[in-house]
Amino acid sequence: MSLKNKIVGLTMMFATSTCFATTYQLSTHILDINKGMPAPNVKIELYKFNDKGEDWALITKGTTDKNGRIKDFLPIQDGKENKGIYKLKFEVKEYFDKLGTKSFYPFIEVPFELKDNTHYHVPITLSPYGYSTYRGS
């Protein structure tokens with residue numbers, strides 16, 4: 001196989017793999033400020049407030065990685081918008097129980113609104129008796 005054919009083949013493989021890469025609109029992160037480290041293995045559920053404004057529907061679940069992050073909530077799909085009111089439910093009791101640490105909150109719910117198609121990052125800083133959240137980047 002000629003060098004030119006190899007380059008064309010590699011270019012096609014790269015183009016094919018990147019054209020179909022999924023991008024996501026929402027990510028989250030937990031920083032345990034009591035330890036000064038990310039919080040791994042925390043279960044998080046994503047809910048959306050239904051269009052009728054009556055109830056929350058579970059969209060997906062995930063678990064934070066070793067860096068305390070979930071990067072892949074809400075895939076961006078052609079022709080579909082993710083606008084609406086959502087909440088993240090952080091299941092923190094199990095995390096603190098595994099550390100042998102008493103805590104106050106069994107879970108934390110953070111509601112927010114996606115108003116456009118940009119990326120949203122909704123992290124929390126966490127301690128056994130408090131938390132804070134903000135719109136990150």
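In what sense do E3 and E6 pair, and over how many bridges? Keep that in mind as you set up the view. The model is predicted.

**Whole chain**

Start with the cartoon. The chain has 2 helices and 10 strands. Trace the elements from the N terminus: α-β-β-β-β-β-β-α-β-β-β-β. Now colour by burial. Of the 137 residues, 31% are buried. Switch on the surface next. About 8,900 Å² is exposed, and carbon and sulfur atoms supply 55% of that area. Then turn to contacts between residues at least 6 apart in sequence: 61% of them join residues at least 24 apart.

**E3 and its partners**

Select E3, residues 43–49. Add E6, residues 84–91. Here is the opening question settled: E3 and E6 pair in the antiparallel sense, over 6 bridges. For one bridge, pick Leu46; its partner in E6 is Leu88.

Now add E4, residues 56–63. E3 and E4 also pair in the antiparallel sense, with 7 bridges. Pick Lys48 here. Its bridge partner in E4 is Ala57.

**The nonpolar core**

Hide the cartoon and show side chains. Select Leu26, Ile30, Ile44, Leu46, Leu88, Phe90 and Phe112: within the largest nonpolar core, which has 23 residues, these touch the most other members. Leu46 and Leu88, the bridge partners from the last stop, are both in this group.

Which elements give two or more residues to this core? Bring back strands E1 (24–32), E3, E5 (69–75), E6, E7 (108–114) and E9 (124–127), along with helix H2 (92–99). The largest share, 4 residues, comes from E7. Nonpolar side chains tend to be buried together in soluble globular proteins.

**Phe112**

Centre on Phe112. Leave out its neighbours within four places in sequence, then list its contacts. They are Leu26, Leu46, Gly84, Ile85, Tyr86, Lys87, Leu88 and Val122. Leu26, Leu46 and Leu88 appear here and also in the core group above.

**Gln25**

Last stop: go to strand E1 and select Gln25. Is Gln25 buried or exposed? Gln25 counts as buried because its relative accessibility is 1%, and the cut-off for buried is under 20%.

What is in contact with Gln25, leaving aside neighbours within four places in sequence? Show Phe73, Leu74, Ile76, Asn82 and Leu114. Then add Asp116, Asn117, Thr118, His119 and Tyr120 to complete the set.

Terms used: Residues numbered from 1 in each chain as written. Predicted model: local features only at pLDDT ≥ 70, side-chain atom pairs only at ≥ 80, totals over all residues. Heavy atoms only, no water. Core = buried A, V, L, I, M, F, W, Y, C linked by side-chain atoms within 4.5 Å. Buried < 20%, exposed > 50% of the residue type's maximum accessible area, 1.4 Å probe, protein only. Contact = heavy atoms within 4.5 Å. Areas by Shrake-Rupley, 256 points an atom, 1.4 Å probe, with all protein chains shown as cover. Pairing = 2+ DSSP bridges.
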